[in-house]
Amino acid sequence: MKSYRALFGFVALLLIVGMACGASAQPTEYPTLPPVPTTAPVQQEQPQNNGNQGQPASGNGEMATFVDANNLLAFDLPNDWTYEHTDHGDAIYTDVNAYSDTFTSPDGAAKVESLVMFANEGVTVTNSISQAVALDILNTYYSSTGTNNGDIRIKSDQIMKDGSERFEWISKGGNYTGVSFFEVRGTDKRTWLMWTLWWSNSSDQATLDLIDNAINSYRIP
């Protein structure tokens, strides 16, 4: 169901953002989870934006490189993770067009998702609006309740060396943890990206290693 909410409407959330995030963020390097194996990944593109839903890639567990359809980002994951592309149109916000690419581990315990939004002509996404929208997306789509009722707790907020912002968060009632990176792209500030990795709190070390590897392999093609 379309929410009929405009991106500009989130200017009013800026005070909430300040309270939710606490102290101001400081530049930092990309975060790391436990060390990952040093074996070089097999470079191999994942299927992308082909309309297939819930399709695994080749399924042999080798590392593969996913490249966003608009060359906005790339990262490495095993090619037996299930892949799904979704064209959201303006269903998330009425003044943007959005799509997402989601990868789910074979056991369903972890997901990696990129969300890309293109704002309509005349809409500018400031850094403050970017942060407010990231919180709204987390509370609406990643909360175990689907509502902004405090389920998602931001554990840390950091500005990365590349200018993106990072939230480390937990779901209070869902028994899962996540990391989200988000940023504004383009001189016209109309392109917004959010890259989220989340996993069950009971995930094994192998899954955490794969998530860490995805973070370390993230790049702009």
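The exchange below asks how labels given to some residues of this predicted model follow from the computed values.

Me: What makes the pair of Trp169 and Trp198 tilted?

Reply: The ring centres of Trp169 and Trp198 are 6.5 Å apart and their planes meet at 45 degrees; since a pair needs centres within 6.5 Å, and angles under 30 degrees count as stacked and those over 60 as edge-to-face, the pair is therefore called tilted. Trp169 lies in strand E9 (residues 165–171) and Trp198 in strand E11 (residues 191–200), so the pair ties together parts that are 29 residues apart in sequence.

Me: How do you know whether Trp169 and Trp198 are buried or exposed?

Reply: Buried means under 20% relative accessible area, and Trp169 stands at 0% while Trp198 has 17%, so both residues count as buried.

Me: Why is the pair of Tyr176 and Trp198 called edge-to-face?

Reply: The planes of Tyr176 and Trp198 are at 65 degrees, with the ring centres 5.2 Å apart, and because an angle over 60 degrees counts as edge-to-face, the pair takes that name. Tyr176 belongs to strand E10 (residues 176–185) and Trp198 to strand E11, with their positions 22 residues apart in sequence; Tyr176, at 12% relative accessibility, is itself buried.

Me: What makes the contact between Glu168 and Lys155 a salt bridge?

Reply: The side chains of Glu168 and Lys155 come to 3.6 Å, N to O, and because the cut-off is 4 Å, the pair qualifies as a salt bridge. Glu168 sits in strand E9 and Lys155 in strand E8 (residues 152–160), 13 residues apart, and the pair thus links distant parts of the chain. Glu168 has 23% relative accessibility, which lies between the limits of 20% and 50%, so Glu168 is called partly exposed.

Me: Why is Glu113 said to have no salt bridge?

Reply: The nearest side chain of opposite charge, that of Lys111, is 7.2 Å from Glu113, and because a salt bridge requires a nitrogen within 4 Å of a carboxyl oxygen, buried Glu113 has none.

Me: What polar contacts does the side chain of Glu113 make with the side chains of Thr102 and Tyr142, and how do you know that they count?

Reply: The side chain of Glu113, a residue of strand E7 (residues 110–119), approaches that of Thr102 to 2.6 Å and that of Tyr142 to 2.4 Å; each value falls within the 3.5 Å limit, and both are therefore listed as polar contacts.

Note on methods
Residues numbered from 1 in each chain as written. Predicted model: local features only at pLDDT ≥ 70, side-chain atom pairs only at ≥ 80, totals over all residues. Heavy atoms only, no water. Helix = DSSP H or I, 4+ residues; strand = E, 2+ residues; numbered from the N terminus. Buried < 20%, exposed > 50% of the residue type's maximum accessible area, 1.4 Å probe, protein only. Lys, Arg positive; Asp, Glu negative; His and termini not counted. Polar contact = N/O pair within 3.5 Å; in protein donor to acceptor, adjacent residues only side chain to side chain. Phe/Tyr/Trp six-rings, centres within 6.5 Å; stacked < 30°, edge-to-face > 60°.
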